[in-house]
Amino acid sequence: WFKQGNSHFQTSFGRADTYTAIGLICTDGKRLYIADNEGGYHEGGNISFVYAVNLSDKTDFHFSENHPFSINYRERLYESVIDFDNTSIPIKSFPPSHTFIQHGASGMAVQKQGSLLAIAHFNKDSILIYNKISGHLEREISARNVTLLAMSANNDLWAVANGKVICYTHLSTRPVIKTQITGFSNPLAIATDPMDENQLIVADGGDSQQIKAFTKNGILLWTLGTKGGYSGHG
């Protein structure tokens with residue numbers, strides 16, 4: 001993090017140790033949620049988890065349902081984590097263009113006004129929906145080859161799964177698919193407008209190399225860039 005007006009002075013929010021590797025963050029404006037999902041050093045190579053930091057004073061946030069542990073007693077104690085797994089094979093090849101250990105989080109998004117935190121797991125073909133305050137696992141959504149997540153302004157969840165971009169609604173009761181967008185070459189990143197629920201941005205890689213904007217119903221609004229990208233000039 002850094003103060004506005006002085007971006008040259010930076011401080012780690014995560015207080016990361018040498019046994020972890022942070023790959024995902026998201027925030028609801030009150031807490032920063034942090035996923036250790038890329039495999040750390042020695043004992044940390046097959047452990048994945050999510051913890052949170054209070055933005056007001058940069059202290060660790062304590063989930064009411066939590067799992068305290070320390071990867072190595074010479075390093076820091078994680079007093080409150082969720083989505084904990086220590087059974088991963090420390091391999092970093094799922095899928096191309098993304099890096100995370102076998103059971104680590106492949107995507108993460110949190111509701112700003114609602115109570116839910118969504119964590120995707122590519123190798124489990126699932127999205128786990130947690131209560132963002134208690135850490136309680138509320139429900140699970142099946143989603144094949146799911147990687148990226150983004151939460152919309154109206155608390156719907158967008159996900160990249162099996163090459164499609166999918167919108168799930170009614171997350172707090174019984175999640176259902178609201179919209180599916182197909183025809184991508186290789187969606188590498190997605191983002192939503194925090195003020196406008198009707199706009200989704202997708203960075204499409206592969207043969208496209210373009211930025212594409214869609215409505216919440218999957219209608220293409222605009223495309224930025226030339227298909228295939230731009231040739232370098234020496």
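Which residues form one aromatic cluster? In this predicted model, the cluster is made up of Phe 49, Tyr 51, Phe 69, Tyr 78 and Phe 84, and the views below begin with its members before turning to the sheet and to the charged side chains.

**View 1. Phe 49 and Phe 69 form an edge-to-face pair.** A search of the whole structure finds 10 aromatic pairs. In the pair shown here, the ring centres of Phe 49 and Phe 69 are 5.1 Å apart and the planes stand at 80 degrees, so the arrangement is edge-to-face. The two residues come from distant parts of the chain, with Phe 49 in strand β3 (residues 48-54) and Phe 69 in strand β4 (residues 67-69), 20 residues apart. Phe 49 has a relative accessible area of 1% and is buried, and Phe 69, with a relative accessible area of 10%, is buried as well.

**View 2. Tyr 51 and Tyr 78 form an aromatic pair.** This pair is edge-to-face, with 5.3 Å from centre to centre and 65 degrees between the planes. Tyr 51 belongs to strand β3 and Tyr 78 to strand β5 (residues 78-85), so the pair ties together parts that are 27 residues apart in sequence. Both tyrosines, Tyr 51 and Tyr 78, are buried, and both are members of the aromatic cluster that also includes Phe 84.

**View 3. Five strands form an open sheet.** Following the sheet across, the strands come in the order β1-β2-β3-β5-β4, and their pairing is antiparallel. The edge strands are β1 (22-27) and β4, each of which pairs on one side only, while the twist from one strand to the next averages 40 degrees. Strands β3 and β5 run antiparallel and are joined by two bridges; looking at single residues, Val 50 has Ile 82 in β5 as its bridge partner.

**View 4. Lys 132 forms a salt bridge with Asp 28.** A search of the whole structure finds six salt bridges, and in this one the closest N and O atoms are 3.0 Å apart. Lys 132 lies in the loop between β8 (126-131) and β9 (137-142), whereas Asp 28 lies in the loop between β1 and β2 (31-36), so the pair ties together parts that are 104 residues apart in sequence. Lys 132 and Asp 28 are both buried. Salt bridges that share partners join Asp 28, Arg 31 and Lys 132 into one network. Arg 31 also has an aromatic neighbour, for its charged end sits over the ring of Phe 61, 5.1 Å from the ring centre.

**View 5. Asp 85 and Lys 124 are joined by a salt bridge.** The closest N and O atoms of Asp 85 and Lys 124 are 3.9 Å apart. This pair links distant parts of the chain, with Asp 85 in strand β5 and Lys 124 in the loop between β7 (116-121) and β8, 39 residues apart. Asp 85 counts as buried at 11% relative accessibility, whereas Lys 124, with a relative accessible area of 40%, is partly exposed.

**View 6. Lys 212 and Asp 204 meet in a salt bridge.** The side chains of Lys 212 and Asp 204 come together at 2.9 Å, N to O. Lys 212 is buried, having a relative accessible area of 12%, and Asp 204 is buried too, with a relative accessible area of 2%.

Definitions and conventions. Residues numbered from 1 in each chain as written. Predicted model: local features only at pLDDT ≥ 70, side-chain atom pairs only at ≥ 80, totals over all residues. Heavy atoms only, no water. Phe/Tyr/Trp six-rings, centres within 6.5 Å; stacked < 30°, edge-to-face > 60°. Helix = DSSP H or I, 4+ residues; strand = E, 2+ residues; numbered from the N terminus. Buried < 20%, exposed > 50% of the residue type's maximum accessible area, 1.4 Å probe, protein only. Lys NZ or Arg CZ within 6 Å of the ring centre and 35° of its normal. Pairing = 2+ DSSP bridges. Axes fitted to C-alpha atoms, helices over the stretch in contact; angles between N-to-C directions. Salt bridge = Lys/Arg side-chain N within 4 Å of Asp/Glu carboxyl O.
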